[in-house]
Amino acid sequence: MKKLLILLLLAGTLWSCNNHKTAENKNLPNPSEVAEHQSGETNEKLILNNGVKWKVDMSTSNNVKNLKIIIENFNSGSDKSI
């Protein structure tokens, strides 16, 4: 009896490993809807924090300063390659 149970479990495991079905997601949007949404046309105006500047921590402030320096160096240099 134990051999039969082990044989059935082994056969079921092997069968499930070889029984590949492609998963379908029924919640995926229609590709035409995605293209329409990505066209960049919006009717909404983006308003962030009612015009009040955001508070940032020191590391974010330093990163922004470093990025500004990188952009200034790139714009002032003759070599425009990355």
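Okay, let's start with one term: a polar contact is a pair of N or O atoms within 3.5 Å, where one must be able to donate a hydrogen and the other to accept it. Keep that in mind, we'll use it in a minute.

So, what are we looking at? This is a predicted model, and the protein chain has three helices and zero strands. If you walk along the sequence, you read α-α-α.

Before we zoom in, how confident is the predictor? The protein chain averages a pLDDT of 77, and 66% of the residues score at least 70. That confidence differs between elements: α3 has the highest mean pLDDT, at 92, while α2 has the lowest, at 61. A general reminder here: where pLDDT is low, don't read the predicted coordinates in detail.

Now, how much of this chain is buried? Out of 82 residues, 0% count as buried. The chain exposes about 8,900 Å², and carbon and sulfur atoms supply 60% of that.

Let's go to helix α1, residues 2-18. How far apart are its end C-alpha atoms? They are 24 Å apart. That agrees with what you'd expect, because 17 residues at 1.5 Å a residue should span 24 Å; the expected span takes 1.5 Å times one less than the number of residues. And α1 is hardly covered: the count of buried residues in this helix is zero.

Look for L4 while you're there, since its place is in helix α1. Together with M1, L7 and L8, L4 forms a nonpolar patch on the surface. The accessible area of those four residues together is about 500 Å².

Okay, last stop: D57. Where is it? You'll find D57 in the loop between α2, residues 31-37, and α3, residues 58-76. Why does D57 count as partly exposed? Because its relative accessibility is 43%, and partly exposed runs from 20% up to 50%.

Here's where our opening term comes back. Which side chains does D57 touch through polar contacts? One is the side chain of S59, at 3.3 Å. Another is the side chain of T60, with a polar contact of 2.5 Å. Try finding both on the screen, starting from the D57 side chain.

That's my tour, thanks for listening!

Methods:
Residues are numbered from 1 along each chain as its sequence is written. This is a predicted model: local features need pLDDT of at least 70, side-chain atom pairs count only at pLDDT 80 or more; totals for chains, interfaces and linings use all residues. Side-chain values use heavy atoms; hydrogens and water are left out. Helices (H or I, at least four residues) and strands (E, at least two) are DSSP runs, numbered from the N terminus. Buried means under 20% relative accessible area, exposed over 50%, partly exposed in between (1.4 Å probe, protein chains only). Accessible areas come from the Shrake-Rupley method with a 1.4 Å probe; for residues, only the protein chains shown count as cover. Patches are made of residues with over 30% relative accessible area and no salt bridge: like charges are joined within 9 Å, nonpolar side chains (Val, Leu, Ile, Met, Phe, Trp, Tyr) within 5 Å. A salt bridge is a side-chain nitrogen of Lys or Arg within 4 Å of a carboxyl oxygen of Asp or Glu. pLDDT is the predictor's confidence in each residue, from 0 to 100.
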